[in-house]
Structures are given as structure tokens and as C-alpha cells.
Amino acid sequence: MIHDFGIVWSERALLLAGLANTAILSALSAVAALLLGFGLAPALMSKQPAVSWTTRGFVDGMRCVPFLLFAYIVYYGFPTFGVRLDNWTTGLAALTIYNAAYMAEILRGAWVAQPREPIEAGIAFGFSEIRLFRRIILPPLLLSAGPVIGNQMIQIIKDSAFLTIIALPELTHAASSIQSRHYVPFAAFITAVFLYWGLCLVIEAGVSSIGRVADARR
Amino acid sequence: MSGGDIAAIFQGAIVTMALSFTGILIGLPIGLGLALIRWANVPFLAAIVTIYVSMLRATPLVTLLLLLFFALPNIGVPIDPVSAAILGLVMNTSAFNCEVWRSALMNFPRDQYEAAQSVGMRAGQRFRRIVLPQIILVSLPGLVNEMSLLIKVTPVLAVVGVVDITRAAVRIGAETYEPLPPFLVAVALYVPIVFALVSLQRWIERRQMAAEAVA
Amino acid sequence: MAAFSKVLDVAGVSKRFGDLEVLSDVSFTVDKGETVCVLGPSGSGKSTLLRCINWLEQPDAGQIYLNGSRVGINSAGTVMSDRDLSQIRTRIGMVFQHFALWPHLTVLQNLMEAPVQVQRRPKAAVRDEALALLAKVGLSEKRDAFPAKLSGGQKQRVGIARALAMRPDLLLFDEPTSALDPELVGEVLVVMRELAREGMTMVIVTHEMGFAREAATRVLFMDHGRAVETGSPQQFFSNPETERAQQFLQRYAGDIAAMRR
């Protein structure tokens, strides 16, 4: 068994590259999904039925579709529309589009729960447009949505593992590769499990500190 | 895609459902047990449960299944694909359920428990007659949510070679060189199932809120 | 022109919400240094009137002038842009019923935020002024606290200091003590009374009759969206002219009597 772990250690470059891919892919798609979410959330709450209904359809649709299937559809579907991307970009696109729906729902929920009066005070004091959004609306919104967004990030990290199916060299794929070449499945996958755990602990620590910042202001 | 292909996908769907429900059924009481261990703060065990739950919630199901399917035989425990799938589903679902049950337990009103104590109920009775019925109700939305999430990860069972909707779709795609349509059919099967669960969850939440409003 | 001697000139303001006419042809003026208390039963449109003054609500008809400048409508006759409204609003301070402090900022930051961000005043000078205002309302030691940790009375005093930090021409109070526990009302009224004494121009919507009686220079009585009666507090409280004002005061006197029993 020690010997097995020795083999995994000798392949650590591959494993770390996989970890880096997982981390970078997840971080990029989380940020992109959040930004898209900021665009979708107002559409969700739009007074025009055409806009709100289509957005609601998209958001609920993504909630009901398994990510693995969605990734496959993006992977096989894009070329049908003439979009030819490499696996990495396809994976990123699938993760981003899928999670944009979740982020939109999270932001909508956080917005609905926000008290209106401090925002009205902002308007009364002459804040408008971008300044109002950046300094008065956004900070409390992010503070209250922090934990839920953090959970979604953990979900993104786990969903990224599905992308091994479209041969994206993320962490699970790296562990699989080591396993199939050296026949050290336990050592390889347990190491991967601990690395995933480590990533999530980092995010949970981040969420805790946001939570503490929020609690001081609650 | 022929009728036979569609039948193959439907057969995969049945396998998915069977595996999912088995995983859910076994995972529910195990999750409750784990939650109780943490809530009662059993020394040493509670710490193990905490770490176990934390690790399992951080592990993608793909990775867990690969670990179980390939690694267990490696360390001397032979296992077939179906058992590996069920074991993985149970481990995963019990860890998530644990958090739902735990939240219900922690938010359980202390005075009700004390009232039960004051009329002389013993621990077992207190739990069975006072605590359990109520936390089942409170946990319901969270548990149904977990069920819908579980259904959504079952496509990954293709990875361990268990015939599943996805697996059937992949096979058909490989045979017909038209990968997209089978996946769309697979999605068409999954979406209503998950949607039904999500709707069920919303309905339960609405009824509970209405009950609270009247109370 | 007559308009320029008044800080606030409200003429013929009307507003409906759907079928309900909330304000009907309301007109009044406020001179510099006046403290006008707007009284009336619930639903009389007092708050809506106040919120029209700084265009938080848009009136359906009428004109509003702040020191001669038109509020809400630009020189072309169309509704003002956000930017222009923002300019006018910096000259009108507002104190809210539920305090409306910004929860993610400390007390001091709450005071400094708008003067720095909107009025573009230099930070150091704003800070000094903010500290002085906090001292004035008796909350110097709370300057680094977050609003969530303050009592209602403290929050409202911060709200008043925050409005003053903008150096406004006019201060609007929207039922400033209605959301406070009775024992916390006093500390806020003390601050308001002091402001009145110092000559701040204020329009106060309130239910605090005792305060109106002592501190107001003028009382405006509203009922069902109309400005029914206006006059000095002495005149209004001892000798109301209209029947509706009389009914309103009778009920108030009845409440006082019931409390004394």
C-alpha cells in the first residue's frame, strides 16, 4: 500500500495539474456564472411576461437537467451549430451556463429578502445609478448571499468532475489515468478525494469569514 | 433512432429509478443515525461522523464511484457494479441527509423536549413520540431537495458500467454516430422526474408555511 | 419674486394610487427657520406629501419649489433625469421612520458616505464634520459600531446626524419616532427640539402632539388627502377652526385622558 502511494507521489505532477484544472475551471465558471446571474436575476423579476417567463423557463430547466447530460449536449451540440471548441472551453461553457441559472435564482432570493428602506435612503441622499448599485445595494446583497454562493461553488467543483467524461484533464481524470496505468486505484482515488476535500475546506473557510463579516453587521 | 433504441433508453431509466430509490431508502435512516450521533455528541464517534460527512459532501459522485468500484477489489473487497453503485449512492445521500436532519434537530424547540421529560417520558419514548414525528415534517422539503439532487447525479452510474439512461444513450450514440438525439431523449426523461420532485418540494413548503400562518 | 423668500413652496400637489386619491390639491409654504409639523389621522396622505417633496413619489399634478428651484421637472417641462434629481436631493435631508441606516457601514461611515460619494467633498473635512455631528447627537462613542448593534433611539439619532451631514436647506422627518419604544422617543425629540431652536428649516410628519405643541412654529393639519387647516400651534390646539380638526383633537384629548386615568 505504501508502495502504491509512492507511485501516486511519483505522478504528482499529473495529479497537481488535474487539481489546478479543477480549481481554475471551477473558479472561472463560478465568476462567469455569477456575472451572468447578475444579468439574469433582473430578467427573472422583469415586469414583462415575455422576459420573465423565458428566463424562468431557462432557470427551472437547468435545475431539472442533470449536469452530466447537459455537458454531453453542449459537447455534441455545439459542433452541430458550427461552434468548434476544445474540451476545456466546452467544459467551461457548460459549467458556466448551467450555474448561471443557479446564481440567478440565488441572487433573486437575496434581493427579495433585502429591506427596501436603506436603498430608499440612498436615493433620498442623492445616490443614483451605478453609485447607488455599487455602494448601497451590492455590499449588503453579497454579504447576505455569501454562504449560499459558497455552497454553489462547492457544487461547481463537484460538477467539474463530470467533465472527465468528455476527457477533460481535471482531477478525477488524472486519478483515473494514474489508476489505469499503474493499477493503484485505492491510493489514486483516495488522494483525489482528499484533494477535493481540501478545496472545499478552503471555500468553507472563505464562506465562514464572509459569514463573520456579515454577522458583525446584522 | 429506432423503437428498439428508445426501449433501451427506457430500460436504462428503470434501472436508474431502481438504483436511486434503493439509495434513498437506505440512505434516509442512515443519515438520521449520523445526525443523531452528532446531535447527542457521542465522544469520538461524533468527530468521526463530522469528518466523514464533510469529506463525502466534498467528493464528487464520479470520484466516489470510481474509488469504490476500482479500489475496493484492490484492497481485497470484491464488489460488482450494482453494489458499488448502491454503496456510493447510500454513502453520498446519507452524508447530505445528515445535514438536513441535523438542522431540524438543532432547531427543535427545547421546551417541547423538556415538557416530555417533565411528564416522565423516557429517552426512547421522547424521541419516538415527540421529536421524530416533528423533525420528519420539518426535514421534508430538505430531504425531497436532496432526492432531486440525487436523481440528477445518477447519469454518472454509466461510469461504473451499470446500464443507465446515460449509458444507453452513449451506446446508441456510438452505434448510430448520431450522439445528440439519444441524449435529448435522456434529458426528456430526466427533466419531468426531477421537475416532479422539485414541484413536490415546493408544494410541501407551501403547505407548511400555510400551516404555520394559521397556527 | 415671492418664491425666493420661501425655502419650500408646494402648490396644488395631487396624487392618486390607482383609484385612491391620496393627495388633493395640497398647497403650503415653508419659510427659512420654520418648523412645520404635519398632523392628521392615518391615511391622510401626510407621508405621501413628504415623499413628494424629494420626489421619492412622483405627484400627478402641482409644483414644488426648493429655494426657487423646481423639484422633479426640468426647464423643458419633462421629468428630471436621475442625475438632476440627485442634485436637488442633496439639498433636502430626510429622516426615515425605520431609520434606513446602511447596514454594511459603521455609524461614522454612514454619515460620511453621501457627502463624500455624492457631494464629492474632501474626506478629511467630511470626517471632522461627521464627528462633530455625532457629538452633537450624543453618540461619539458609537462611531465605529455597526447599526445593527444600536438601539432604536440611537439609530434614529444617527439618522438625523446623517441627514445633517449633507448640510441640507431643508430637513424632512417621516414619522421619526413612530417605530420607537416609548422610552426611546424622548432622546430623539430632544435632538429635534434643539435643531428647531437653532433655526433649521424642518417639515415633520408626526403623531407626537406634545412635541408639535412645543416645538412647531406652524401646524399643518391634513385629512383625506387635503390640507384642511394651518396655523400656529397655540391657535390650532386650543382653538381649531374646522370641524375635522376639532374631531381629531378631541380624540387626542380623549387618549390623553384615558392614559391619565
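The following paragraphs lead through a predicted model, beginning with chain C and moving on to the chain contacts, the nonpolar cores and two individual residues.

Chain C is built from nine helices and ten strands. Its C-alpha trace extends about 55 × 55 × 35 Å along the principal axes. The radius of gyration of chain C is 19 Å, and because a compact globule of 261 residues would have a value near 18 Å, the chain agrees with that expectation. Of the 261 residues in chain C, 45% are buried. When contacts in chain C with a separation of 6 or more are considered, 65% of them link residues 24 or more positions apart.

One part of chain C to examine is strand β7, which covers residues 170-174. Five of its five residues are buried, so the strand is largely enclosed by the rest of the structure. The residues of β7(C) point in two directions: L170(C), L172(C) and D174(C) one way, and L171(C) and F173(C) the other, all of them buried. Strand β6 of chain C, residues 92-95, runs parallel to β7(C) and is joined to it by four bridges. In this pairing, G93(C) is placed opposite L171(C). Strand β8 of chain C, residues 202-205, also runs parallel to β7(C), and four bridges connect the two. Here L171(C) stands opposite M202(C). L171(C) therefore has G93(C) opposite it in one pairing and M202(C) in the other, while its own strand is buried in five of five residues, so that strand is largely enclosed. Helix α6 of chain C, residues 182-197, combines with β7(C) and β8(C) in a right-handed β-α-β unit.

Elsewhere in chain C, four strands make up an open sheet with antiparallel pairing, in the order β2-β1-β4-β5. At its edges are β2 (20-31) and β5 (69-70), each of which pairs on one side only. The pairing of strand β1 of chain C, residues 6-17, with β2(C) is antiparallel and involves eight bridges. Within it, K15(C) has L23(C) of β2(C) as its bridge partner.

The chains can now be considered together. Two pairs of chains touch, and the pair with the most contacts is A and B. Chains B and C share no contact; their closest C-alpha atoms are 24 Å apart. The contact of chain C with chain A draws 22 residues from chain C and 20 residues from chain A. On the chain C side, α2 (82-89) and α3 (107-117) each provide at least two residues. The greatest contribution to that side comes from α2(C), with four residues. By type, the chain C residues facing chain A comprise twelve nonpolar, six polar and four charged.

The nonpolar cores give a further view of the interior. In soluble globular proteins, nonpolar side chains tend to be buried together. The largest nonpolar core in this model contains 106 residues, and those with the most contacts inside it are A71(A), A104(A), F162(A), F189(A), Y196(A) and L65(B). Leaving aside residues up to four places away in sequence, A71(A) touches G91(A), A94(A), F162(A), L163(A) and I166(A). Another core of 81 residues lies apart from the largest one, and V7(C), V107(C), A215(C) and V228(C) are among its members.

Two acidic residues complete the account. D4(A) lies in helix α1 of chain A, residues 2-10. Is D4(A) buried or exposed? D4(A) is buried, because 20 other C-beta atoms lie within 10 Å, and a residue counts as buried at 20 or more. Among residues beyond four places away in sequence, D4(A) touches V184(A), F186(A) and A187(A). The C-alpha atoms of D4(A) and V184(A) are 5.7 Å apart, although 180 residues separate them along the chain.

E114(B) belongs to helix α5 of chain B, residues 110-118. E114(B) is exposed, because its surroundings hold 10 other C-beta atoms within 10 Å, and a residue counts as exposed at 12 or fewer. The C-alpha atom of E114(B) lies 9.5 Å from that of R126(B), which is twelve residues away along the chain.

Key: Residues numbered from 1 in each chain as written. Chains lettered and ligands numbered in written order. Predicted model: local features only at pLDDT ≥ 70, side-chain atom pairs only at ≥ 80, totals over all residues. Contact = placed C-beta atoms within 7 Å. Nonpolar A, V, L, I, M, F, W, Y, C, P; charged D, E, K, R; others polar. Core = buried A, V, L, I, M, F, W, Y, C linked by C-beta atoms within 7 Å. Rg over C-alpha atoms; globule rule 2.2 N^0.38 Å. Pairing = 2+ DSSP bridges. Right-handed = clockwise from strand over helix to strand, strands pointing away.
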